[in-house]
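Please open the structure in a viewer and keep the selection tool at hand. The tour below proceeds stop by stop, stating what to select and what is to be found there.

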Amino acid sequence: MPKSTVYKKVIRSRNFVLLLLVVLLVLVGGKIILAHEKIADYEEAVRLYQSGNLVAAEKKFRSAKRNLAVTDHNQDINRKLLVLSPIRETMEDLDKEAAAYQNEKDLDQLVDTYNRWQENRKNWVSGTTIQQDMYGEMHTLTKLDQDFAGYFSGIKKTQLAKLQKEDAEEEKVFTILTKIPAEFYGDDVAKTKEIQSVFQHYYMAKIKALIAKNSSVAVTASEGNRQFAILTKLTIDSSWLQAILDSHFIKVLTTSIANKDYAAFAEQANSVKNLSAHMKDAKVFSVIEKTKGNLLNKAKSLITTNKYEEAISLYETLKPIENTEQLITDANLAWDQHEPVRLLKRLYPTKEFTSAVNMKNKWGADLVIAAISKDGGIYFGKRKGEEALAVSEGTLEGSPTVTSLDLESSYGSANNPVISLDAKSSERKHHYLAYEVRSGALVKILDVEADHLTVESKQLLLVDNPTGQGAGEHSYFEPDAQGVYHFSKIKVDYVDIQVNEVTNYAGKKVRFTANAAAKANGGALVTLSETYNNTTSSWEKTYLLLKGQSDFIIYKNYTVIGILSGYEDITDGSGVQVRVPVFTVEKVEK
């Protein structure tokens, strides 16, 4: 590169100086212009400030401060801005933040913004006149009070609308409503009153709707419990809820009692008692306790009159509100004592028992029972204390139709219990059967058909007209070496006499043989004596009247058994009325 000449260097130096001069002139001129603008802004700001247009004045002061051309009035400008700018900036920030949080549905931040506004506002309105006025202007410009009123009013409206929905988030709604500043309700008292009123009407409507559609007590009580819990948690008065539920439940329970629907009463009462923690002073609980007491007394009375099944059913019914397990156990024990056949029914659930008899405190047991089943089974059971029933069983041969059943020991040996039965007979009036209990086994010791049977003495039976041996007689039956009863002999309870001796045995049973001479007074005359009267040259006879058999045949001999029982007047063959002894015939031997 060619080197610069001295001339060229001089020329460049002169051009640079000229350029620098021009720049300096421009800078000086610009500074003068800016200085004039700053002065103008400042003066305008002062004018506005003095005229009370503080927001506009603050703007001009800021414009003047940004002008760095000169430092004139900077001290005053800074002093003014130190008062005015924080108010403007804070109000603008609050306005923007409030709008943003409202859009974001951030209630907590919105409330925080509101509270910061109120704190600043409190300072400003209690500050200097300039602060008060500046705040007033910014308040008018931002309309922050209207904005917040609109925001919170909208939130309230939205939340109250949510309470109309079936799945309303009640606690969340309550929380949101309580976060809204009290000023938007009026004051703290008004806020509390309004929120409580809203929820009281809300819950009241729900509970009354359940009552109106006759919802079950369980459903209503469950809703009541839920409401009590929430109202308590939210510290809202619940006395109105207790009053509504108390009145409703008393009405429902009273209706069930009047209808004698004790099962419904117990279930309803049980549901109501779940509310006891929240309704301690409610009248419905005294109604429940009084009714429960009356029903327990009724069950006790039923047991007294042996209506055990009804009593147990009532105890079962009351289980939801009373532990009646022991009462049921006691009732069943009493029922077992009264009807021990129940013990057999539990042991033999498929059997149908047609006859049963029981005794207490016999044969070393507290309870003894004998029974016959429909399928021909015979059972004997013993129980001591609370032990299980020990049962012996057997079979009735031929499955006779049993008409009566008894327990005794006079038939058996060694005072063993004996089950005696009276069954239907095709040949006699009765069919007598007896089974002795020996070492847990049932041994048949008697089987006889007869017209009657009595125990004359220990192990001596008097049987009237048995089939087989002793038929037609009063026969004795006695046990053999194995203790089984058989015919032993005919019972002789009369004296054998001659007919002419009968008057010597008045009132005693006798047997004699006589000839029926004639019929009279519904009986037969037999000759007692016959003598010849020499004076009248005729035979004179005395007679005995046999009564008790209407089919005596004249001129036939009869052996009769009976008792001389009195006298009657008859007319003899000569037409003479005479008085004769009367013999009541009990049996005519063939």
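**First stop: the sheet of β9 to β12**

Select strand β11 (residues 474–479) together with β12: the two pair in the antiparallel sense, over five bridges. Within this pair, P479 stands opposite Y485 of β12. It should be kept in mind throughout that the model is predicted.

Now widen the selection to the sheet as a whole. Four strands form this open sheet, in the order β9-β10-β11-β12, with antiparallel pairing. The edges are held by β9 (452–457) and β12 (485–490); each has a single partner strand, so one side of each is left without a neighbour in the sheet. From one strand to the next, the twist averages 35°.

**Second stop: the sheet of β5 to β8**

Move to the open sheet whose four strands follow the order β5-β6-β7-β8, again with antiparallel pairing. Its edge strands are β5 (402–408) and β8 (441–450), each of which pairs on one side only. Here the twist from one strand to the next averages 20°.

Select β7 (residues 430–438) next. How many of its nine residues are buried? Seven of the nine are, so that the strand may be described as mostly covered. Strand β6 (residues 418–423) is joined to β7 by six antiparallel bridges, and a hairpin leads from β6 to β7 through six residues. Towards β8, β7 forms nine bridges, also antiparallel.

A434 is a useful residue to highlight in β7. Its bridge partner in β8 is L446, while S420 also has A434 as its bridge partner in β7. Further along, V437 stands opposite L442 in β8. The hairpin of β7 and β8 has two residues between the strands, and in this hairpin S439 takes a positive phi near 50°.

**Third stop: the hairpin of β1 and β2**

Select strands β1 (residues 353–362) and β2 (residues 365–373), which pair in the antiparallel sense over eight bridges. K360 can be located opposite L367 of β2. Two residues lie between the strands of this hairpin, where W363 takes a positive phi near 50°.

**Fourth stop: helix α5 and the loop after it**

Turn now to helix α5 (residues 129–142). This helix has 14 residues and reaches 20 Å from its first C-alpha to its last, close to the 20 Å expected at 1.5 Å a residue. Which residues of α5 are buried? They are M134, Y135, M138, H139 and T142. These residues cover an arc of only 140° around the axis, which puts them on the same side of α5. Display α2 (54–66), α3, α4 (107–125) and α6 (144–162) as well, for the buried residues of α5 pack against these helices. Rotate the view to the face turned away from the buried side, and the exposed residues T129 and T140 come into view.

Continue to K143, in the loop between α5 and α6. Its phi is near 50°, a positive value in a residue other than glycine. K143 is partly exposed, with a relative accessible area of 44%.

A further loop residue may be selected alongside it: T235, in the loop between α9 (217–233) and α10 (239–258). The phi of T235 is likewise positive, near 50°, and T235 is not a glycine. With a relative accessibility of 62%, T235 counts as exposed.

**Fifth stop: helix α3 and the nonpolar core**

Select N103, which has its place in helix α3. Is N103 buried or exposed? Its relative accessibility is 65%, and N103 therefore counts as exposed. Add V125, which is 22 residues away from N103 along the chain; 29 Å separate their C-alpha atoms.

To finish, display the largest nonpolar core, which has 83 residues; F61, F148, F152 and F199 touch the most other members. Helix α3 (residues 74–103) gives the most to this core, with eight residues. Centre the view on F61 and show its surroundings. Leaving aside its neighbours within four places in sequence, F61 is in contact with Y42, A45, V46, Y49, I77, K80, L81 and L84.

Methods
Residues are numbered from 1 along each chain as its sequence is written. This is a predicted model: local features need pLDDT of at least 70, side-chain atom pairs count only at pLDDT 80 or more; totals for chains, interfaces and linings use all residues. Side-chain values use heavy atoms; hydrogens and water are left out. A nonpolar core is a set of buried Ala, Val, Leu, Ile, Met, Phe, Trp, Tyr and Cys residues joined through side-chain atoms within 4.5 Å. Buried means under 20% relative accessible area, exposed over 50%, partly exposed in between (1.4 Å probe, protein chains only). Contact means heavy atoms within 4.5 Å. The expected span of a helix is 1.5 Å times one less than its number of residues. The arc is that of the directions from the helix axis to the C-beta atoms. Two strands pair if DSSP finds at least two bridges between them. Axes are lines fitted to C-alpha atoms, for helices over the stretch in contact, and angles run from 0 to 180 degrees between N-to-C directions.
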